[in-house]
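Please walk me through this structure, with attention to the ligand, the spaces within the protein and the residues that border them.

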Amino acid sequence: MSKKVQKIDALVIGAGFSGLYQLHLLRDQLGLNTTVVETGADLGGTWYWNRYPGARCDSESHSYCYLFSEELYKEWEWSERYPQPDEIRAYLNFVAKKLDLRKDILFNTKVVSAKYEAESAKWVVTTESREIFETKYLITAIGCISSANIPNIPGLDRFKGEWYHTGQWPHDGVDFRGKRVAQIGTGSTGIQAAPVIAETAKMLTVFQRTANYSVPARNGPLNAEFKAYVKKNYAELKEIIQSTPNGHPFRISSTKVFDVSEEDRQSIYEAAWEKGGLQFRASFQDLVVNKQANDTAANFLKQKIRDTVKDQETANSLAEIDHPYAAKRPPIDTHYFETFNQQHVSLVDLRKDPIVEITESGIKTESGEKQFDVIVFATGFDAITGKFFQIDIQGAEGKTLKQAWAEGPKTYLGLQTPGFPNLFTITGPGSPSVLCNMPVPIEQHAEWIRDCIAYMEKHEFMSCDTDVESAEKWVAHVNEAAAATLLPTAKHSWYLGANVPGKPRVFMPYAGGMVRYRAICQDVVDKGYQGFVMKKRDDESSNKNTSNDFSAAGKITSPGI
Ligand code: N01
């Protein structure tokens, strides 16, 4: 039986970085009656679910946090260069406590449907336990990589051992001692997990479909001097983080690869390798836009693999990489390639020996069957759109979001989809999202949404939608931005949806960089919410404008990542 309808101003789905900040902005700054609903039993979003061995954020801790409050920034102290899920959750708990957020979050509450009622201009949102909310504003804060992709390999249902997906990891961990473990997948997650699984497993076999680059993370504890530097330089760090295309705390070099001699180039790569982390990508300005320039970095990294891995055949399989460096999300690691020098660790190159099926006791490839006690799927996510499709979202004319995005997601600025008024999507498709250090686009989106809602309330608009023309222009611009880079040349990338069979191959994140994106969003506001259609009750007039050509933000120079 349905429960009483709860009437609120704003409903936010998800209690990760996005949802928490959006709650604070709408409740504490606009005074809206706001509720956050969260499937998990606690806050954390991505970091509530991703607790696999070796899990760590690839962004440096002093940039993987909110920047809106100097007080919060200075009060929190990170312990390591890259934070683990536990520490990120502790940080989010600290923020939630400081801002008194928990009282407006409902945990263990999964949204199953959201339907827009045009007459009342309200969203009716239903949860799995039949709670019903009626809300003017609906904001998705559901993350980009939150819908686990478990490949449809025949036979998994009859496997008698244990199996896990890294994005749905048991909270009390998995004991690998004495176990023969198969790990499928060598993306950022698999590259983090394998060395840690190998520490305790009796045997680890890594199944690799696409070889991947990786740069050492060089993780370690932060010393007192660095911690003091971070606190002292909040303003400067914030300025750097918010003025680089990818939202990281370092600038991308303005030097191009062929502006320097071969010798100098190698020294620059060596220094970046020693420093470690995603900063390697910032060594030169043109690494992700010029294939020949990229080849120099790719060759450097492939040689590092060959120098590290002792077995020739394994080294070949790991170093035969089919895409430019950073055209897929570049992993960083702690002794990943070294792991293959251990006697009990081996690699199966699925390009040469594909999986046929999973059996009761192991995995059968074309060359034969291997026995396993545990299978770890580090196989990624139905990224960016997958989570949306788990909710039955129905817009103004009864069309579902699934139908609207059947040929690929179509949004305006990644923030709104035509026909779905008052639905705002934090880091939705078409946002810079995953090409950036995530808290940066999250803060910008949440603040933009707050301002848009404040504008609507001030002018008594009942609804805000975008039109098909504006969304089409934005999708074209997202494609144009991607085409200006090497990113779409990686054909098996989840940026393109290529990891999920049947998913439309559309480049989903905005590759024009965060600075450019921020400028476009501001320009849209300055022009009276250009491309958005705001309506008053019984009033067909709106502030609809002609659509934007996004040229005000200038030329695309260097993408995110
Ligand atoms: O997922 P992935 P991930 N048979 O999709 C393979 C973020 N992240 O979880 O490349 C065999 O990158 C697949 O092969 P292929 C980060 O943004 C962030 O590693 O499709 N193999 C690939 O090797 C990252 O990019 C942090 O050919 C199959 C792997 O599984 C994103 O999460 C830390 C297969 C999947 O790699 C996703 O990373 C970790 C099949 N049927 C991750 N299906 C942070 O620091 C898939 N694969 C924030």
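The paragraphs below begin with the ligand and go on to a pocket, the cavities and the aromatic pairs. The model is a predicted one, and the values given here are computed from it.

The ligand is a convenient place to start. It is surrounded by 25 residues, and the closest of these are Asp 58, Thr 189, Arg 209, Thr 210 and Lys 328. Sorted by class, this shell consists of ten nonpolar, ten polar and five charged residues. Helix α5, which runs over residues 188–200, makes the greatest contribution to the shell, giving three residues.

Oxygen atoms of the ligand take part in several short approaches to the protein. A polar side-chain atom of Lys 328 is found 2.7 Å from an oxygen atom of the ligand, while a polar backbone atom of Thr 186 is 2.9 Å from a ligand oxygen atom. At Ser 188, it is again the backbone that is involved, with an N or O atom 3.0 Å from an oxygen atom of the ligand. Taken on its own, the ligand has 910 Å² of accessible area, and the protein covers 90% of this.

From the ligand we can turn to the second largest pocket, whose volume is about 660 Å³. Its lining is made up of 28 residues, and those that lie nearest the centre of the pocket are Ala 396, Glu 397, Gly 419, Pro 421 and Asp 465. Several elements take part in this lining with at least two residues each, namely the strand β19 (463–466), the helix α14 (468–483) and the strands β20 (532–536) and β21 (539–542). By class, twelve residues of the lining are nonpolar, four are polar and twelve are charged.

How does one find space that is left inside a protein? Rolling a probe the size of a water molecule over the atoms shows where empty space remains. In this structure there are five cavities of 30 Å³ or more, and the largest cavity has a volume of about 120 Å³. The largest cavity is lined by 14 residues, of which Tyr 73, Trp 76, Glu 77, Trp 78 and Val 230 are the closest to its centre. Two or more residues of this lining come from each of α3 and α6 (224–232), and α6 provides the largest share, with four residues. The lining of the largest cavity divides into nine nonpolar, two polar and three charged residues.

The second largest cavity, with a volume of about 80 Å³, has a lining that includes Pro 409, Thr 411, Trp 474, Val 478, Phe 507 and Met 508. By class, eight residues of this lining are nonpolar and three are polar, and no charged residue is present.

Trp 76, met above among the residues closest to the centre of the largest cavity, also leads to the aromatic pairs, of which the structure holds 43. Trp 76 and Phe 94 form one such pair, tilted, with 5.2 Å from centre to centre and 35 degrees between the planes. Because Trp 76 lies in the loop between α3 (70–75) and α4 (85–98), whereas Phe 94 lies in helix α4, the pair ties together parts that are 18 residues apart in sequence.

Terms used
Residues numbered from 1 in each chain as written. Predicted model: local features only at pLDDT ≥ 70, side-chain atom pairs only at ≥ 80, totals over all residues. Heavy atoms only, no water. 1 Å grid on protein atoms, 1.4 Å probe; cavity = no way out; pocket = protein on both sides within 12 Å on 5 of 7 lines; lining within 4 Å. Points joined across faces, edges and corners; volume = space filled by probe spheres on them. Nonpolar A, V, L, I, M, F, W, Y, C, P; charged D, E, K, R; others polar. Near = heavy atom within 4 Å. Polar contact = N/O pair within 3.5 Å; in protein donor to acceptor, adjacent residues only side chain to side chain. Areas by Shrake-Rupley, 256 points an atom, 1.4 Å probe, with all protein chains shown as cover. Phe/Tyr/Trp six-rings, centres within 6.5 Å; stacked < 30°, edge-to-face > 60°.
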